[in-house]
Amino acid sequence: MRFFRSAPESSPAPKSQERLTRRSSAMAELSRIFKSEDPLCVLDIGATSASNIRYFTERGHRIYSEDLLEASTDPALRIHDEQGVTVLDSKKFLTDNLAYPNGQFDLVFCWNLADYMDESLVKPVVARLWSVMKPGGMLLAFFHTREAGPDAPFYRYHLSGTDSLEMQTLNAKGEKGKAAAKNFALQRVFNNRHIENLFRDFGSIKFFLSRDNVREVLVVR
């Protein structure tokens, strides 16, 4: 778990593929609250982005960052269920991650985590997020449509404007070295009914369909 109060010192950027830019209707709606004079408490549970940390700390907000997909690869989480099938221990996972007080966060960035995370963790993680969000807090998540295909890239998302994001591919084919051992593949495709069921305990849900085979979903606690 990482908590950031001020912008980190600049450090050399790791070698990576060129970033892509995408327009985001959901971000345009969320950006209205970024200008809040009251400090926001933000949780980013995607691949850690230094630019996102700077974006919020420079505006006087607090941001916590946890790379939950990376954390889910811990071999210690692997157990067998009653049928002998290997699953991940959700209780241990939530003991080690997302360990925050109830009602702490105004805003959560889920990005496309649910599409890539092991199925045994998805519902427990969403339930924990409901608990740690404030009433009226907002959560942004992306879900692939069926047309995306099994080789859909996994991205690190960087806020770059009021209605735009920069996307950095983290699982491009042909990558060499240590990083290639943890390339994340698309695990499933949720339809609208599945998404509504996933967030059924939340107050409201709004869908935005973009042109790149992704549903943007904005959920209110």
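**Exercise 1. Which strands each supply at least two residues of the lining of the second largest cavity?**

Before we start: this is a predicted model, where local features need pLDDT of at least 70, side-chain atom pairs count only at pLDDT 80 or more, and totals for chains, interfaces and linings use all residues. Residues are numbered from 1 along each chain as its sequence is written, and side-chain values use heavy atoms, with hydrogens and water left out.

*Step 1.* Get the terms straight. Helices (H or I, at least four residues) and strands (E, at least two) are DSSP runs, numbered from the N terminus. A cavity is a set of points, on a 1 Å grid over the protein atoms alone, where a 1.4 Å probe fits but cannot get out; lining residues have an atom within 4 Å of a point. Grid points are joined across faces, edges and corners, and a volume is the space filled by probe spheres set on the points.

*Step 2.* Go through the lining: I45, G46, A47, C110, W111, N112, L113, F154, Y155, R156 and Y157.

*Step 3.* Match it to the strands. β7 and β9 (155-159) each give at least two residues, with β9 providing the largest share, 3 residues.

*Step 4.* Add size and chemistry. This cavity holds about 50 Å³ of space. Its lining splits into 8 nonpolar residues, 2 polar and 1 charged (Ala, Val, Leu, Ile, Met, Phe, Trp, Tyr, Cys and Pro count as nonpolar, Asp, Glu, Lys and Arg as charged, and the others, Gly among them, as polar).

**Exercise 2. Describe the largest cavity and its lining.**

*Step 1.* Count first: there are 2 cavities of 30 Å³ or more. The largest has a volume of about 90 Å³.

*Step 2.* Find the residues. Of the 13 that line the largest cavity, C110, L113, A114, V122 and V126 are the closest to its centre.

*Step 3.* Place them on elements. β7 (105-111), α5 (113-116), α6 (119-132) and β8 (133-144) are the ones that give two or more residues to this lining.

*Step 4.* Sort by chemistry: 13 nonpolar, no polar and no charged.

**Exercise 3. Work out how β9 fits into its sheet.**

*Step 1.* Two strands pair if DSSP finds at least two bridges between them. By that rule, 3 strands make an open, antiparallel sheet in the order β2-β10-β9.

*Step 2.* Look at the edges: β2 (20-23) and β9 each pair on one side only.

*Step 3.* Zoom in on one pairing. β9 and β10 (residues 164-169) are joined by 5 bridges, and R156 sits opposite Q168 in β10.

**Exercise 4. Compare two residues with positive phi, W111 and N213.**

*Step 1.* Recall the background: most residues other than glycine have a negative phi, and most peptide bonds are trans.

*Step 2.* Take W111. Its phi is near 50°, and W111 belongs to strand β7. W111 counts as buried because its relative accessible area is 3% (buried means under 20%, exposed over 50%, partly exposed in between, with a 1.4 Å probe and protein chains only).

*Step 3.* Now N213. Its phi is near 60°, and N213 lies in the loop between β11 and β12. At a relative accessible area of 31%, N213 is partly exposed.

*Step 4.* Fill in the surroundings of N213. β11 (residues 204-209) and β12 (residues 214-220) run antiparallel, joined by 6 bridges. They form a hairpin with 4 residues between them, and L209 has R215 as its bridge partner in β12.

Notes
1 Å grid on protein atoms, 1.4 Å probe; cavity = no way out; pocket = protein on both sides within 12 Å on 5 of 7 lines; lining within 4 Å.
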